[in-house]
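Hi,

Here is the structure I promised to pass on to you. Have a look around it first, then read my notes underneath.

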Amino acid sequence: MSVLAVLEQQDGAWHRQAWETLAAAQQVAGEWGVPAAAAVLGHGLSALAGEAATRQAETIWRVDHALLADYTPDAFTAALRQLLDRVQPRLVLFPHTYQVRDFAPKLAAACGRALVSDVVALRAEANGLVAVRQLFQGKLYADVRFTAPPPAFVSLQAGAYRAEAVASGAAAVEVFTPELDPAAIRTRPEPRFRETARAVDLSTAEIIVSVGRGIKEAGNLPVVEDLAKALGAELAASRPICDNGWLPMERQVGSSGQTVAPKLYVAVGISGAIQHLVGMKGSKCILAINKDPDAPIFEAAHYGIEGDLFQVVPALAAEIRKLKGA
Ligand SMILES: Cc1cc2nc3c(=O)[nH]c(=O)nc-3n(C[C@H](O)[C@H](O)[C@H](O)COP(=O)(O)OP(=O)(O)OC[C@H]3O[C@@H](n4cnc5c(N)ncnc54)[C@H](O)[C@@H]3O)c2cc1C
C-alpha cells in the first residue's frame with residue numbers, strides 16, 4: 001500500500017506545491033517503509049509525467065483523458081476514484097490549492113472517508129498517521145488521527161513541506177485512462193478567473209518584501225518598493241495596509257490573505273500578529289525590521305534588525321545594489 005501524491009498542474013506547468021506534495025509523500029512513505037507514488041491528471045501530459053519520473057517514486061500515474069484537459073470537479077473526482085480503486089493507496093496527499101479545495105471533499109465523501117485539510121505536518125506512527133492542523137488562527141495545534149480504513153485523505157498547507165526536499169530517482173510512468181461520461185460532467189469550464197491584469201500569485205514568489213503599519217502613510221511606500229526592486233522581490237503587506245487601500249487586497253499576507261512560503265520574507269514595520277504569522281511562517285528565511293525589540297515578529301524571524309525602517313530600509317537597498325553591482 002503506497003502513499004499517493006496528487007501533483008497539480010495548470011496548462012501543462014507544475015503548480016509550485018506539486019513538489020512539496022511529493023516531498024511529503026516520500027517522507028511518510030519512508031517512515032512507513034512503503035513506496036511513494038504520484039498522479040498527474042490532464043490530457044497529453046507526457047512531458048510533465050516524464051519530469052516527475054526523475055523523482056523518487058515507484059510509479060507516476062499519468063491519468064489521461066480529453067475530458068481532463070480542463071479542470072472540472074466531476075471529471076477529476078471520477079478519474080481519481082477509478083485510480084484509487086486500481087492503486088489502493090494507504091494515504092492520498094494533495095496540495096491545499098483552490099482546485100483541491102473544490103474537488104477533494106467531494107472525492108473523500110464519495111469514498112466514504114474524511115479529508116483532513118490544510119495540514120501543516122504529518123507524523124507517521126506504527127499504527128497510523130497523525131495530521132497536524134492549526135486551530136483558532138494558529139493559536140492551537142490539533143493532532144488528528146484516522147480511525148477509518150484506508151485511504152486517508154490529507155491536503156497540505158503551502159510551505160508545510162519544502163519542494164527542495166524532493167528526492168531524485170527513477171520512477172516508472174504508467175498511463176491510466178479513466179472511463180469518463182461527458183453527460184456526468186455538470187460544469188463547463190470558462191477561462192480562468194484573474195482579478196486584475198496585475199493580479200499576483202504571491203505563493204510562487206521566491207522573495208517577498210512585506211510592509212506593515214510602521215510605514216505610517218501611503219506616500220512612504222516607495223521606501224519599501226525600492227527595497228523590493230533591489231532584491232527582485234514581490235511586494236506584499238499586512239492587512240491594515242490593504243484595508244486602507246494603500247496596496248491591493250491580492251497583496252495581503254495572512255489568515256484572511258495569501259499563504260506564502262518564499263525563500264526570503266522581509267517583514268518591514270510589521271508587528272507579527274498571529275493572523276499575519278500564519279500566512280508567512282513557512283518562509284525559509286525571515287528577516288524582520290522593526291523599531292520595537294519586543295515585537296512578536298522577532299520570535300518568528302531568523303534575522304532581525306531593530307531600528308527605524310526609514311533609516312534601515314534605504315541603507316539595505318543601497319547595500320544590495322552595491323553587492324549586485326547595480
Ligand atoms: C479575523 C481577522 C483576520 C485578520 N487577517 C489578517 C491577515 O490576513 N493579515 C494580517 O496581516 N493581519 C490580519 N489581521 C489583523 C492583525 O490582527 C493585525 O492587526 C495586523 O496584522 C497588524 O498589522 P501591522 O503589523 O502592519 O500593524 P501594527 O500591529 O500596528 O504593527 C506596526 C509595527 O510597526 C512597527 N513600527 C512603527 N514604526 C516603525 C518604524 N519607523 N520603523 C520600524 N518599525 C516601526 C511597530 O513597532 C509595530 O510593531 C486579522 C485580524 C482579524 C481579527
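Let's begin with helix α4: its buried residues pack against α3 (73–87), β6 (91–95), β7 (115–125) and β10 (152–156). Before you go further, keep in mind that this is a predicted model.

Which residues of α4 are the buried ones? They are V100, A104, L107 and A108. One of them, A104, also marks a bend: α4 turns by about 30 degrees there, and a proline, P105, follows within four residues. You can check the length of this helix yourself. α4 covers residues 98–110, which is 13 residues, and at 1.5 Å a residue they should span 18 Å; the end C-alpha atoms are 19 Å apart, so the two values agree. After α4 comes G112, with a positive phi near 70 degrees.

Now try the same exercise on α3. Its 15 residues should span 21 Å at 1.5 Å a residue, and its end C-alpha atoms are 21 Å apart, so this one agrees as well. The buried residues here are A75, F76, T77, A78, A79, L80, L83, L84 and V87. What covers them? The cover includes β1 (3–7), β4 (36–42), β5 (59–64), β6, α4 and β11. Following α3 is Q88, and its phi is positive too, near 55 degrees.

Next, the overall layout. The protein chain is split into domain 1 (3–184) and domain 2 (202–324). Their C-alpha centres lie 32 Å apart. How many residues are in contact between the two? On the domain 1 side there are 9, and they meet 10 residues of domain 2. The domain 1 residues that touch domain 2 divide into 2 nonpolar, 5 polar and 2 charged.

There is also a ligand. Which of the 26 residues around it come nearest? Those are G212, G214, S238, G254 and S271. Three elements give two or more residues to this shell: α6 (239–243), α7 (274–280) and α9 (309–324). The one that gives the most is α7, with 3 residues. Sorted by class, the shell has 7 nonpolar, 14 polar and 5 charged residues.

I picked out two leucines for you to click on.

- L309 is in helix α9. Is it buried or exposed? L309 has 24 other C-beta atoms within 10 Å, so it is buried; the cut-off is 20 or more. Leaving aside neighbours within four places in sequence, L309 is in contact with G214, V268, G269 and I289. G214 is also among the residues that come nearest to the ligand. For a sense of distance, L309 and P35 are 274 residues apart along the chain, and their C-alpha atoms are separated by 50 Å.
- L180 sits in the loop between β11 (172–176) and β12 (207–211). It has 19 C-beta neighbours inside 10 Å, so it counts as partly exposed. Not counting residues up to four places away in sequence, L180 touches H65, L67, A75, A78 and A79. A75, A78 and A79 are among the buried residues of α3. The C-alpha atoms of L180 and Q10 are separated by 20 Å, with their positions 170 residues apart along the chain.

Finally, some backbone oddities. Most residues other than glycine have a negative phi, and most peptide bonds are trans. Here are three places to look at with that in mind:

- D11 is not a glycine, yet its phi is positive, about 50 degrees. D11 lies in the loop between β2 (9–10) and β3 (13–14). With 8 C-beta neighbours inside 10 Å, D11 counts as exposed.
- D118 also has a positive phi, near 55 degrees, in a residue other than glycine. D118 lies in strand β7. Because 16 other C-beta atoms lie within 10 Å, D118 is partly exposed.
- The peptide bond from P150 to P151 is cis, with omega near 5 degrees. P151 lies in the loop between β9 (140–145) and β10.

A good place to start is α4, with its bend at A104. After that, go to the ligand and find α7, which gives the most to the shell around it.

Cheers

Terms used
Residues are numbered from 1 along each chain as its sequence is written. This is a predicted model: local features need pLDDT of at least 70, side-chain atom pairs count only at pLDDT 80 or more; totals for chains, interfaces and linings use all residues. Domain bounds come from an automatic or database domain assignment. Two residues are in contact if their C-beta atoms, placed from the backbone, lie within 7 Å. Ala, Val, Leu, Ile, Met, Phe, Trp, Tyr, Cys and Pro count as nonpolar, Asp, Glu, Lys and Arg as charged, and the others, Gly among them, as polar. A residue is near a molecule or strand if its C-beta atom, placed from the backbone, lies within 6 Å of it. The expected span of a helix is 1.5 Å times one less than its number of residues. The bend at a residue is the angle between axes fitted to the seven residues ending there and the seven starting there. A residue is buried if 20 or more other C-beta atoms lie within 10 Å of its own, exposed if 12 or fewer, and partly exposed in between; C-beta atoms are placed from the backbone.
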